[in-house]
Amino acid sequence: MRALQDIQGLKFPDDYVIRHFYKTGLHNRKGHVLEVGCAAGNNLMLYADYGWQVTGVDILPEALAQARHNLGLGAILIEASADDGLPEGITEPVDVVLLPNVLCYLRDDGVAALAKAVRAHAAPGAAIFVRTRLIDDYRYGKGEPAGPDSFILNTVETGEAGLFHRFYSRDALIALITGAFGVVDPSVFHIRFDNFQAGHLIANNSDLVIWGQISEEKFAG
C-alpha cells in the first residue's frame with residue numbers, strides 16, 4: 001500500500017465516490033472502471049486497491065504523470081479531451097464509469113458526444129457516477145456569458161479563471177443523465193458545502209451527485 005505522504009496530487013477519493021463504491025457493493029467484485037477527468041488518480045486508487053482494472057482519461061499531461069506515479073504501470077492512462085467523446089485505446093467493456101468533475105467543463109455538444117461514447121463502451125448493466133455543479137453554485141454568473149447557464153469564469157480564487165463552465169438545474173441534470181446516458185432508477189444527492197482554496201473561503205458550493213445503472217436495453221440499441 002502506498003504511504004500517504006508518497007501520493008502525488010489529491011490524496012483521497014471524492015467522498016461520494018467512496019459512498020458509491022461501498023454502498024452499491026462494488027468492493028465485493030472486480031471489473032473495469034473508467035474515469036474521465038481522472039487528474040492524479042485519487043478516485044481510481046480506491047478501485048485499484050480492490051483489484052479493478054483502471055483506465056483514466058485526462059487532458060493534462062502533468063496530472064497523468066502524477067496518476068502514473070500513484071497507480072503504477074498496470075493502469076491505462078490516456079491524454080485526451082472529452083470534448084469529442086472518448087479517445088481510442090479503451091478496448092475492454094467498462095463496468096463502471098466515473099464522471100465526477102467533467103460535465104461542467106463541456107459544452108452541450110461535447111456532453112452529447114461523451115454520452116454516446118460512454119454507452120458504446122459500457123458493459124451490459126454498467127454503473128455510472130456523475131457529479132457536477134448546479135445553478136445555485138457560488139460560481140454561477142461570475143464571468144462572461146457563453147451560452148445557456150454557461151460562463152467563461154473569472155474566479156481567480158478557485159483557479160478556474162478563463163475556463164468554460166456549464167451549470168445545470170437539478171431537473172435538467174437528471175433528465176440528461178436518464179436520457180442521453182440511459183441511466184435507470186438513479187440515486188440523487190444534492191451537496192452544499194464550503195471549501196478553502198488558495199487562502200480563500202469559498203462558500204456555497206453546490207453539486208448534484210447521480211449514480212445508477214445504464215439500461216441494458218439502451219445499451220443494446
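Biologist: Of the 8 residues of helix α2 (residues 42–49), how many are buried?
Modeller: This is a predicted model, in which local features need pLDDT of at least 70, side-chain atom pairs count only at pLDDT 80 or more, and totals for chains, interfaces and linings use all residues. Residues are numbered from 1 along each chain as its sequence is written, and side-chain values use heavy atoms, with hydrogens and water left out. Helix α2, one of the DSSP runs numbered from the N terminus (helices are H or I, at least four residues; strands are E, at least two), is mostly covered. Counting as buried what has under 20% relative accessible area (1.4 Å probe, protein chains only), the number for α2 is 6.

Biologist: Which residues of α2 are buried?
Modeller: Among the elements that cover the buried residues of α2 are α1 (15–23), β1 (32–36) and α3 (61–71), where contact means heavy atoms within 4.5 Å. The buried residues themselves are N42, N43, L44, M45, L46 and Y47.

Biologist: Which residue with a positive phi follows α2?
Modeller: The phi angle just after α2 is positive, near 85 degrees. The residue that has this angle is G51.

Biologist: In helix α5 (residues 170–179), which residues are buried?
Modeller: The elements that cover the buried residues of α5 include α4 (108–121), β5 (122–133), β9 (183–197) and β10 (200–214). The residues they cover include L173, L176 and I177.

Biologist: Why do L173, L176 and I177 lie on the same side of α5?
Modeller: The arc is that of the directions from the helix axis to the C-beta atoms. The three buried residues, L173, L176 and I177, share one side of α5 because they cover an arc of only 90 degrees.

Conventions
Buried means under 20% relative accessible area, exposed over 50%, partly exposed in between (1.4 Å probe, protein chains only).
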